[in-house]
Amino acid sequence: MTDAAVDGEELAEAPAGRWRVLRDHKRLVMAAGALAVVAMFCGGFVAFGGVSALTGGKPAGSAGHGGTGAGAAAGGDALLDFDDIVVNITGTTADGASAARYLKIHLALVYPESPDAEAAMAEKKPFIRDTFTGFLRQMTVEDLRGSIGLIKLKAELLKRARAVVGDNTPSEVLISDLVVQ
């Protein structure tokens, strides 16, 4: 009889405990939802110019693109276009054996437009191309997979271009074609 009484009390308390747990989880879900809404609002606010957009100023990211930022006194950006670069890279077959592949890439370097920068970039173009070719020959097919592979490739090419020029004149690498065969 005491066992039946204990079992009956446990059964009576169990649903109330479940509701308490569900109520606590509901609060957690609501708090997470509110936090997500605030985060989306803040992200949109920053993406569309932040505080400067509300005050009538230029968005924060526009200083380097023809604005009054450093290096933009003579105008916008210029491009140093490279002809197609074709190199052999290493790939693997389905059974794991090494296989020769080819990489064809067409790219351009972005730099601030000024007579001094244009002369320096034109003078260094053969050296930049040679550095790019040497680096690209070391690549593997796996290095180029996915968007992260493309991002890493652009970052490494930019780093090498800046090393050849000797300063931060090249500001970006634009890749128009990338073919692995």
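This section describes the fold, the strands, the nonpolar core and selected side-chain contacts of a predicted model.

The protein has four helices and four strands. From the N terminus on, these elements follow the order α-α-β-β-β-α-α-β. The chain has 181 residues, of which 22% are buried. Contacts between residues at least 6 apart in sequence were also examined; 64% of them join residues at least 24 apart.

The strands come next. β1 and β3 run antiparallel and are joined by five bridges. Within this pairing, A78 stands opposite Y111 of β3. β1 has two faces. A78 and L80 form the covered face. D77, L79 and D81 form the uncovered one. β2 is also antiparallel to β3, and eight bridges join these two strands. N88 has Y102 in β3 as its bridge partner. Side chains alternate along β2. I85, V87, I89 and G91 point to one face and are buried. V86, N88, T90 and T92 point to the other face and are not buried. The hairpin of β2 and β3 has five residues between the strands. In this hairpin, G96 adopts a positive phi near 95°.

In soluble globular proteins, nonpolar side chains tend to be buried together. In this model, the largest nonpolar core contains 26 residues. The residues with the most contacts inside this core are L109, I128, F132, L136, L153 and L157. At least two core residues come from each of β1 (77-81), β2 (85-92), β3 (98-112), α3 (115-137) and α4 (146-165). Helix α3 contributes the most, with six residues. L136 illustrates the packing. Beyond its neighbours within four places in sequence, L136 contacts I85, V87 and I89, as well as L103, I105 and L153. Of these partners, I85, V87 and I89 belong to the buried face of β2.

The structure holds one aromatic pair. The ring centres of F82 and F132 are 5.6 Å apart and the planes meet at 55°, so the pair is classed as tilted. The two residues lie 50 residues apart in the chain. F82 sits in the loop between β1 and β2, whereas F132 is in helix α3. F82 is buried, because its relative accessibility is 0%. F132 also counts as buried, because its relative accessible area is 0%. A charged side chain accompanies the pair: K125 lies over the face of F82, 5.5 Å from the ring centre.

H106 also makes contact with F82. H106 is located in strand β3. The relative accessibility of H106 is 19%, and therefore H106 counts as buried; the cut-off is under 20%. Its side chain makes a polar contact of 3.1 Å with the side chain of D81. D81 is on the uncovered face of β1. A polar atom of the H106 side chain also lies 3.4 Å from the backbone oxygen of F82. Residues up to four places away in sequence aside, H106 touches D81, F82, D83 and D84. H106 also touches L174, I175, S176 and D177. These last four residues fall within the span of β4 (172-180).

Two further sites involve α4 and the loop that follows. V165 is in helix α4. V165 is buried because its relative accessible area is 15%. Residues up to four places away in sequence aside, V165 touches M121, K124, I128 and P170. I128 is among the core residues with the most contacts. V165 and A120 are 45 residues apart in sequence, yet their C-alpha atoms are 7.4 Å apart in space. T169 lies in the loop between α4 and β4. T169 counts as buried because its relative accessible area is 16%. The side chains of T169 and D167 form a polar contact of 2.6 Å. Leaving aside neighbours within four places in sequence, T169 contacts V110, Y111, P112, A117 and M121. Among these, Y111 is the residue opposite A78 in the pairing of β1 with β3. M121 is in contact with T169 and is also touched by V165.

Definitions and conventions:
Residues are numbered from 1 along each chain as its sequence is written. This is a predicted model: local features need pLDDT of at least 70, side-chain atom pairs count only at pLDDT 80 or more; totals for chains, interfaces and linings use all residues. Side-chain values use heavy atoms; hydrogens and water are left out. A nonpolar core is a set of buried Ala, Val, Leu, Ile, Met, Phe, Trp, Tyr and Cys residues joined through side-chain atoms within 4.5 Å. Buried means under 20% relative accessible area, exposed over 50%, partly exposed in between (1.4 Å probe, protein chains only). Contact means heavy atoms within 4.5 Å. Rings of Phe, Tyr and Trp (its six-membered ring) pair if their centres lie within 6.5 Å; planes under 30 degrees apart count as stacked, over 60 as edge-to-face and the rest as tilted. A charge sits over a ring if NZ of Lys or CZ of Arg is within 6 Å of the ring centre and within 35 degrees of the ring normal. A polar contact is a pair of N or O atoms within 3.5 Å; within protein, one must be able to donate a hydrogen and the other to accept it, and residues adjacent in sequence count only if both atoms are side-chain atoms. Two strands pair if DSSP finds at least two bridges between them.
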